Amino acid sequence: MTTEEAERPVMIVAVDDSEHSFYALSWTLDHFFSESASPFKLVLLHAKPSPASAVGLAGPGAAEVLPYVDSDLKRIAARVVEKAKGICASKSVNEPAIEIVEGDARNVLCEAVERHHASILVVGSHGYGAIKRAVLGSVSDYCAHHAHCSVMIVKKPKHKA
């Protein structure tokens, strides 16, 4: 890492396998990264659920299923990272730092902010209503309240019919 790169503030962009996540990445690249230079060092971060949390099983038979679930989660993570790298390359943003971290997305993102001393965290918004958000939880809401940096929530525009 060059001295110039080490001095640039860090921007973490959360990516998952949703269209909202990829829209947020694309929007961020369009608005903060130009072909000539960017004021930020870009870190793409994918939070991979643990096999046990993805299955939600406890009891007989769970141990036999976990290796298959883990394999699928690794395959999904690789696909997410490849698509994110493709979006970066299409916008002439070469070689972003990439991390795949196992755990709950809310905790993984807030811990990454601390680890990288990030200046900004970018997350997509799934656009859940109040009830879905209450049941499923909102990663963006959690990060907005707990991350020790600015949090930008990028919403995908709703197309009017």
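This short talk walks through the fold of one protein chain, beginning with the whole and ending with a single strand.

Please keep in mind that what you see is a predicted model, in which local features need pLDDT of at least 70 and side-chain atom pairs count only at pLDDT 80 or more, while totals for chains, interfaces and linings use all residues. Residues are numbered from 1 along each chain as its sequence is written, and side-chain values use heavy atoms, with hydrogens and water left out.

Let me start with the overall layout. The protein chain has seven helices and five strands, where helices (H or I, at least four residues) and strands (E, at least two) are DSSP runs numbered from the N terminus. Read from the N terminus on, the elements follow the order α-β-α-β-α-α-β-α-β-α-α-β. Of the 161 residues, 37% count as buried, and buried here means under 20% relative accessible area, with exposed being over 50% and partly exposed in between, for a 1.4 Å probe and protein chains only.

Now to the sheet. Its five strands form an open sheet with parallel pairing, in the order β3-β2-β1-β4-β5, and two strands are said to pair if DSSP finds at least two bridges between them. The edge strands, each pairing on one side only, are β3 (97–102) and β5 (150–155). Strand β2, residues 41–48, pairs with β3 over six bridges, and within that region Ala47 stands opposite Val101 in β3.

What packs on the sheet and touches β1, β2, β3 and β4? That is helix α5, residues 105–116, whose direction makes about 150 degrees with that of β2; contact means heavy atoms within 4.5 Å, and such angles run from 0 to 180 degrees between N-to-C directions, with axes being lines fitted to C-alpha atoms, for helices over the stretch in contact. Helix α7, residues 139–146, lies across β4 and β5 and runs at about 160 degrees to β5.

I would like to finish with β4, which pairs with β1 over three bridges and with β5 over six bridges. On the β1 side, Val122 is the bridge partner of Val13, whereas towards β5 the partner of Ile120 is Ser150. In a regular strand the side chains alternate between the two faces of the sheet. In β4, accordingly, Ile120, Val122 and Gly124 point one way and Leu121, Val123 and Ser125 the other way, and all are buried.
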